[in-house]
Each structure stands twice: as C-alpha cells, then as structure tokens.
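Me: I'd love to talk through a structure with you. Could you show it to me, so that we can go over it together?

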Amino acid sequence: MGLDELDLEKIKQIRLDKKISIEELSLALGYETRYGYQHVEKGRRKLPAFKMPTLSRLLGTPIDDLYKKNSELTDMDKSFI
C-alpha cells in the first residue's frame with residue numbers, strides 16, 4: 001500500500017453518510033457523467049490531485065483523512081531514519 005493511496009471505502013462511506021449521490025459528486029468534480037467519479041470510487045481510475053480540494057470540501061473532510069494510514073514504513077522511508 002502506498003503512502004498516497006486514497007481510502008476508497010472511507011470516501012464511499014462518507015459520501016453515503018452525507019447522502020451525496022454518485023451523480024451529484026461526479027458533476028461537482030467536473031465529470032460529464034456519473035461514471036467519471038464512479039470509476040474513481042471503484043478504484044478503476046485515479047482521481048487527479050487538483051480535484052482533491054473539491055472532494056474534501058464536498059465531503060466535509062480534511063484531505064489528509066481521505067488517504068489510507070500506512071503504519072509500515074517503506075524501504076525508502078527507512079533509509080531516511
């Protein structure tokens with residue numbers, strides 16, 4: 001798991017808890033159809049970084065909270081310790 005991997009399950013759960021539809025979120029993020037964002041939520045497509053502030057605002061959640069927490073350091077991280 002990468003340090004910058006979105007927590008898609010958490011994002012979906014927040015969206016559902018706030019009763020935001022796929023269509024509504026897709027349009028707000030600038031996709032032409034519901035499938036634009038739906039592919040992101042299903043992990044088939046990456047969300048462009050420039051859309052993260054909008055997603056964060058729409059979900060009412062800080063950007064950092066939308067990423068998976070990785071408790072294990074990668075080999076690259078260990079080399080800086």
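Me: Which residues does valine 40 touch, not counting residues up to four places away in sequence?
Reply: Happy to help! This is a predicted model, where local features need pLDDT of at least 70, side-chain atom pairs count only at pLDDT 80 or more, and totals for chains, interfaces and linings use all residues. Residues are numbered from 1 along each chain as its sequence is written, and side-chain values use heavy atoms, leaving out hydrogens and water. With contact taken as heavy atoms within 4.5 Å, valine 40 touches Leu8, Tyr31, Arg45, Lys46 and Leu47.

Me: Is valine 40 buried or exposed?
Reply: Buried means under 20% relative accessible area, exposed over 50%, and partly exposed in between (1.4 Å probe, protein chains only). Valine 40 has 3% relative accessibility, so this residue counts as buried.

Me: How are α1 and α3 oriented to each other?
Reply: Helices here are DSSP runs (H or I, at least four residues), numbered from the N terminus. The axes, lines fitted to C-alpha atoms over the stretch in contact, are 9 Å apart. The angle, on a scale from 0 to 180 degrees between N-to-C directions, is about 130°. Under 35 degrees counts as roughly parallel, over 145 as roughly antiparallel, 65 to 115 as roughly perpendicular and the rest as oblique, so α1 and α3 are oblique.

Me: Which residues of α3 make the contact with α1?
Reply: On the α1 side, the contact is made by Leu8, Ile11, Lys12 and Arg15. From α3 come Tyr37, Val40 and Glu41.

Notes. Helices (H or I, at least four residues) and strands (E, at least two) are DSSP runs, numbered from the N terminus.
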